[in-house]
Amino acid sequence: MPGSHQQVPERRVHGEDRQQQIVKALTPRWPKDERIWEFTKTLLLTATYDQQFDKYFGEALATAAAGGQAYVIYDAITGEIIGMTRVYDIDHKVKKATIGHTWYTPAVWGKVHNKACKWLLLHYLFDTLGLMRVDFKVASQNIRSQRAVMKIGAVPEGILRRYTLRNDGTPTDTHFFSILGDEWPEKKIKLQQMVESLAPAH
């Protein structure tokens, strides 16, 4: 594959997995925007929000401690924190992992950032770690995220009914998507082309 396809030319995102060092950057507890949690109900904007956030952030750190990776996503140009994501359920024997628990501030929705971030993560998982499968699990209510993972090349695999409960106690179906290792070279080029087409002109 030509060398030009080995890196994202417009590096609009930067992922950090520094764990405890990012706590200060996320204080006061942020982001309190109900649009981010509208479908997942990961955090509820109630009087217990701060405690919920502390638990959520602790779970992210626990993912890293258990062999996964938790990232805070920065805009590489502005330096602003724009989201978080995790890689978890890494199985080196089967050579698979899951990308999830991803959110972005609404200001960057529909822009280059998510695609650039996914390119970096998938490049690392497939090309560096040598995995053969990466999957995504998306709540049935979250149509926007389902469309987003399909845009980056993930293939719908099916729906598990009442697979989990959201934090407000309501059940939800979960949509499964995946990209396989032998699919990645072609999808990698297409995803890079999408990133290039969305990158702002200098």
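Two strands pair if DSSP finds at least two bridges between them. Keep that in mind for this talk. E3 and E4 meet it with six bridges, and they pair in the antiparallel sense.

Now the overview. This is a predicted model. The protein chain has four helices and seven strands. From the N terminus on, the order is β-α-β-β-β-α-β-α-β-β-α. The chain has 202 residues, and 43% of them count as buried. The accessible surface comes to about 10,800 Å². Carbon and sulfur atoms hold 52% of that surface. Now take the contacts between residues at least 6 apart in sequence: 61% of these join residues at least 24 apart.

Let's go through the hairpins.

Start with E2 and E3. Strand E2 covers 69-75, and strand E3 covers 81-91. Six bridges join them, and they run antiparallel. One bridge pairs Tyr74 with Ile81 in E3. Five residues lie between the two strands of this hairpin. In the turn, Gly79 has a positive phi of about 80 degrees.

Next, E3 and E4. Strand E4 covers 96-104. This is a hairpin too, with four residues between the strands. The bridge partner of Asp91 is Lys96 in E4. Here the turn residue with a positive phi is Lys95, at about 65 degrees.

So E3 pairs with E2 and with E4. How many of the eleven residues of E3 are buried? Eight are, so E3 is largely enclosed by the rest of the structure.

The next hairpin is E6 and E7. Seven bridges join these strands, which run antiparallel. Gly158 has Phe176 in E7 as its bridge partner. Five residues separate the strands. Gly169 in the turn has a positive phi of about 90 degrees.

On to the inside. The largest nonpolar core has 25 residues. Which residues have the most contacts inside it? They are Val87, Ile99, Leu122, Val134 and Phe136. Many elements contribute. E2, E3, E4, H2, E5, E7 and H4 each supply at least two residues of this core. Which element gives the largest share? That is H2, with six residues.

Look at Phe136 up close. Leave out residues up to four places away in sequence. Phe136 then touches Ile99, Lys118, Leu122, Val149, Ile152, Ala154, His175, Phe176, Phe177 and Ile179. Apart from this core lies another one, of 13 residues. Among them are Phe57, Ala70, Met84 and Trp103.

Now the aromatic rings. Rings pair if their centres lie within 6.5 Å. The count comes to three aromatic pairs. I will show two.

One is Phe126 with Trp184. Their ring centres are 5.5 Å apart and their planes are at 25 degrees, so the pair is stacked. The cut-off for stacked is under 30 degrees. Where do the two residues lie? Phe126 is in helix H2, residues 113-128, and Trp184 is in helix H4, residues 184-198. The pair therefore ties together parts that are 58 residues apart in sequence. Buried or exposed? Phe126 counts as buried, at 7% relative accessibility. Trp184 is buried as well, at 2%.

The other is Tyr163 with Phe176. Their ring centres are 5.6 Å apart and their planes are at 85 degrees, so this pair is edge-to-face. Tyr163 lies in strand E6, residues 155-165, and Phe176 in strand E7, residues 171-180. The pair therefore ties together parts that are 13 residues apart in sequence. Tyr163 is partly exposed, with a relative accessible area of 42%. Phe176 is buried, at 14%. We have met Phe176 before: Phe176 is the bridge partner of Gly158, and Phe176 is also among the residues that Phe136 touches.

One ring has a charge over it. The charged end of Arg144 sits over the ring of Trp109, 3.8 Å from its centre.

Last stop, Lys151. This residue lies in helix H3, residues 143-151. Buried or exposed? Lys151 counts as exposed, at 54% relative accessibility. Which residues does Lys151 contact, leaving aside neighbours within four places in sequence? They are Lys115 and Met194. Lys190 is 39 residues from Lys151 along the chain, and their C-alpha atoms are separated by 9.9 Å.

That ends the tour.

Terms used
Residues are numbered from 1 along each chain as its sequence is written. This is a predicted model: local features need pLDDT of at least 70, side-chain atom pairs count only at pLDDT 80 or more; totals for chains, interfaces and linings use all residues. Side-chain values use heavy atoms; hydrogens and water are left out. Rings of Phe, Tyr and Trp (its six-membered ring) pair if their centres lie within 6.5 Å; planes under 30 degrees apart count as stacked, over 60 as edge-to-face and the rest as tilted. Buried means under 20% relative accessible area, exposed over 50%, partly exposed in between (1.4 Å probe, protein chains only). A charge sits over a ring if NZ of Lys or CZ of Arg is within 6 Å of the ring centre and within 35 degrees of the ring normal. A nonpolar core is a set of buried Ala, Val, Leu, Ile, Met, Phe, Trp, Tyr and Cys residues joined through side-chain atoms within 4.5 Å. Contact means heavy atoms within 4.5 Å. Accessible areas come from the Shrake-Rupley method with a 1.4 Å probe; for residues, only the protein chains shown count as cover.
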